[in-house]
Each structure stands twice: as structure tokens, then as C-alpha cells.
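Visitor: I'm new to reading structures. Could you walk me through one?

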Amino acid sequence: MLKIENLHVAVGDKPILKGLTLDVPAGEVHAIMGPNGAGKSTLGYAVAGRPGYEATEGSVSWKGEDLLGLEPAERAAKGVFLSFQYPIEIPGVPALTFVRTALNAQKRARGEEEVSAPAFLKLVKAASAALKMDFDMLKRPLNVGFSGGEKKRMEILQMALLEPSLLILDETDSGLDIDALRIVSEGVNALRSPDRAMLVITHYQRLLDYIKPDRVHVLAGGRIVASGGPELALQLEAEGYDKYLPVAA
Amino acid sequence: MNAPVRIDLKDVSSFPSRRVEAWKYTDLSRALRETPPVSPYADVAPGGPFAALGGDELAVVNGHCEGRSGLIAEGPGDHIARLRFVSTADGTGHQARVSVEVRAGASLLLLESYEGRAAGYVSNVALDISLGEGARLTRVVIEDDAEDAVSIATAEVSLGEGAHFLQTVLTTGAKLQRHESRLAHPGEGAEVRIDGLYLLDGARHSDLTSVVSHGGLNGVTSQLTKGVVRDTARGVFQGKIIVERGADGTDARMGHHALILGERAEVDAKPELEIYADDVQCAHGNTVGNLDESALFYMQQRGIPADEARALLTQAFLIEVVDRIEHEGAREVVREWLTARL
């Protein structure tokens, strides 16, 4: 489903990804683990199309379609969703307005009918209740003054409403206490389905206790240097990333 | 800057140049080298951007108004008046002097519009506004001038004891445009809010200048101006608050914030506080920046196309000024006016 081949990405003059190859079949959850500075966030940005993170070589395709030639919003309409490690605050734009604008823009791009305001409200009420979110919070500007946990829930709420088919979670566990981590993970797990693929980027094994991956990959020095089953995450937790660092150097 | 410049379109020597400090960024003598031919009489149908809000209409067309030269609000109730300045003749010039009087205890919503329906005109408007004791005036101004017009509007405002003057000016600029407000604040119980919004593209220019002079104790002034400039447009904000000797307890706050969205666009800001009294609270803040790139990417990542994301962020930035308009009907008209121009 997601096919990344020999991806090279430089940020400024600095090469970050140096020939990354990865396949995530439909219905699977793959974890990307690696030391700080390995290029984990860069991978998420490159797939989502962040300016400044353009590929210099290689390809990224989603459901057989090339992503690299598309604008970020076009990729989103194709189902790509990147959950940010630090979700951005948007002053002046209420969360409800933001999500409805995004949902309808995606629907327009796909030639689908837009969602009416009452229908949207009904969707949001159900989705926010499932995430134990205070509905009134959604009338406030997006993420402004939200706690770390609230911001992450807001990300999951957007996922639930936008129904992406490729989910990239960038360090979703950072800044979460155990209760919030459980709620967020339940939200993510509820989205697991045979026609979705997920890429879970994380430094620690902890998140993978809650979101169980089918495969685990080690990203170091801008490439995938090892792949395995869930046991690889446990091994990394026990042994650290040291043994992969010489490979990276 | 304390002495106002009187402009007479029939006298080229009255046009200030940039050598006049208060007109440094708005060089009228350069934009207007000779006196323009006088605009003809014309009629317009009732209407304007605030038509839906009803009220009494005074239309000044090409500098001429039918029979009267002012508005008076008195007696109980919330009065509404629409004051329209309409330009309909290409390449001609006109000037008008209009008075607005809100008598003691009265309340007026003044909906003022500058409507350019011709090319290359010159408009010079002077307003004398007076508020009696305890009077309340909400002045909402929409300036829709032609891109090649020269448009100057100056208001002298006097406030009686305990009067409330609440002003919001919204503009898209012109070839050269200036909106100036000069207020004498009596202090004690009187309150002034004087806001502005400019949204300029192409080669448009807009200058929002104000002088608020506090002469009495415990006066309150709040000022917020926000602007966005694109292309080669130029926004000018000159805000001056004077606290005269003895005007203790004055509380004056001024903010000007602008976004520059074009590499060749320009903003000139001159916030000034002149304080001659003790025990006052005065503050001003001035920022100039760009749209937040990470916010733009975040919005696009969620499926909002780049242009729509920019418009949404721009509106979010400017809407604070609109939200400060207390009158719901006027606020909605302004909100729609703004949304249509983003």
C-alpha cells in the first residue's frame, strides 16, 4: 500500500534520509524506531509534503499513486494524515471551523458531497465523546491554550473525522501521561482496519504496548537498518540503539 | 502633527508633501500635481454597503449633498444613520464638509461609506463630529475607493463629559488614501475606542492616522489597528496619544499589528505616546510579521489548499478588530465585507 523506495531527503544542505526503503501493506501497523536525529520526523514530513523536505532521489507511492508530485493538501485528500509531535496552535480559528473546513476541502478534492453543518456537528459530538473530550473546548481556537494531552486528543479527533487511509503518528506518546496515552491509543486502535495502513514513529517502546505493531523497523543514519516483529521493539528497549549507531556512521 | 493640515483642492499650495512630518508617508503634493477639474452634480439611488441596516441616509455625491450638510441625533432610542460619500465622475475632484452632532444623552450608530464608482477621482472630506454629555456614537467606516483614486478624509471629534466614542475604520486603500481622526478626550467617564483595519493589494496605499488628546482625569482610550499588505501595497499607521499635564489616571492602550505578504509590500508604523502627566497607564505594542509557515503546512496537511489556508489565517488575524464592534448588525456586515475581500 505504502511503498517507499530509495528515498533521499536533504533539509537545507544536510542529507537526512539516505536511501530509505519501506513497504507497509494494507491493514498493517508498522513502527519506526530510532535514536534522536535518525530522520524519523523527516520521514513523516517528506511523505506529507512539508516544504523544505523535498525528496532529492527515490519515490513514495500510496495505493500505487506517486505522492511526491502532489501538494500537501492533495496528499491529504488521498488519505495521508500526519499526526504532529507538536500540534500547531491556530489562533483565531475555532477547532470546529478548522476541522469542518478541512473535511469539506478534502471531500471537494475527491468530488464528494460536502457535509452540512448539522450533520458535521452530530459527527463531532459522537467522536469527541468517544475521546472523552469536552465539546466546548472545540469552540475555542484550535490547540490554543490546550494541554499536551488535549492537543494529542485533538489530533486523534481529526483522524476519526477525516478518516484517512494512511496514518503517520509522529511521537504521539510524547507529553502524555498514562491515562491520556491509553485514551489516545484506544482512539488510534479504533481506526485500525484492513484498508488502512499506519506508520507509528516513536523513540520508546512504551507506546507499542498500547498500539501493537505488525512490524518494527529501526531507522538510523537515514536508512532502515533492521526490521523484525514486535519482539524487536522489546530488544531495542533492553539493549538501546547503540549497536545500530556504527552502521549509521 | 498637532496642528491639522487644511487641504483645499482649489489650492495646490495647500497639498502637504512628505516634508510635512505628519504627511511623511503620504505625499499628497506628489500624487496630485494640480487642482483637479470640479466634479459635476450627480444622483445615486439609496443604498451603500450598510443599506440592510436601515436608518436615515445622507448621501454626499461628488461633494454635493441635497439640502443639508449634517446629521443630528437627539432624543431617546438608538438612532441609525448612513452617511455615504460617493464618487461617480472620472478624473474630477470634489470636497465636502459635513457635521455630525450627537446631542446630550443620545445614541447614534453612524455607518459611513466611501464608495468609488469612477476612475482617478480626488475626494476630500472633512467631518466635524461632536458628542454631547453622556452621548454615545459608534462610527463604522468602510472605505471602498478606486485603485487609482486619491481620497482624504479627516474627522475632528469633540466629546462631552461621559461621552462614548467607538470607531472602526476598514479600508482597502486607493492610489493614495488617508483617514485621519483627531479627538479631544475630556477624561472622567468618557471612553474612546478607535480601531482600524487595512487590507491592501496591488499598488494601493492607505494611511490611518489618529491623534487622541487626553485633557482630563481618568480618561480611557483603547486602540487596535491590524493590517495586511500584499504585492507592492503600502500601509501606514500613525497613532498618537497625548496625555496633557494634569490628565492623571489616564488609561490608554494602543496596538498596531501587520502582516506583510508580499516581498515588495511595505508597512510604516509610527505609534507615539506623549505623556505630560503622572500616574498614568499607557502602553503600546507594534508588530510586523508574516503568516506562520508551520501553521500553513499544518492546515494543508489536513487537506486545506494553500490559498484557502492563507485566507483563513489572514481572516483569523484581522477578525479581532471586527469582533470589537459591539453592534451585531454592523459587525456582521463588516465580517461579510472582509470575507469577500480575502
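Guide: Sure! Let's begin with what a contact is: two residues are in contact if their C-beta atoms, placed from the backbone, lie within 7 Å. Keep in mind that this is a predicted model.

Visitor: Okay, how many residues does each chain bring to the contact here?

Guide: Chain A puts in 22 residues, and chain B puts in 16 residues. On the side of chain B that touches chain A, helix H2 (293–301) and helix H3 (306–323) each supply at least two residues. Sorted by class, that side of chain B has ten nonpolar, four polar and two charged residues.

Visitor: Let's look at H2(B). Why is it described as largely enclosed?

Guide: A residue is buried if 20 or more other C-beta atoms lie within 10 Å of its own. Seven of the nine residues of H2(B) are buried, so the rest of the structure largely encloses this helix. Among them are Leu296(B), Phe297(B) and Met299(B).

Visitor: And what do the buried residues of H2(B) pack against?

Guide: Their partners are helix H1 (40–48), helix H2 (72–77) and strand S6 (80–83) of chain A, together with H3 of chain B. Just after H2(B), you'll also find Gly303(B) with a positive phi of about 110°.

Visitor: Zooming out, what is the secondary structure of chain B?

Guide: Chain B has four helices and 18 strands. Its radius of gyration is 20 Å, close to the 20 Å from the globule rule for 342 residues, so chain B is as compact as a globular protein of that length. Of those 342 residues, 48% count as buried.

Terms used:
Residues are numbered from 1 along each chain as its sequence is written. Chains are lettered from A and ligands numbered from 1 in the order in which they are written. This is a predicted model: local features need pLDDT of at least 70, side-chain atom pairs count only at pLDDT 80 or more; totals for chains, interfaces and linings use all residues. Ala, Val, Leu, Ile, Met, Phe, Trp, Tyr, Cys and Pro count as nonpolar, Asp, Glu, Lys and Arg as charged, and the others, Gly among them, as polar. A residue is buried if 20 or more other C-beta atoms lie within 10 Å of its own, exposed if 12 or fewer, and partly exposed in between; C-beta atoms are placed from the backbone. The radius of gyration is taken over C-alpha atoms; the globule rule is 2.2 Å times the number of residues to the power 0.38.
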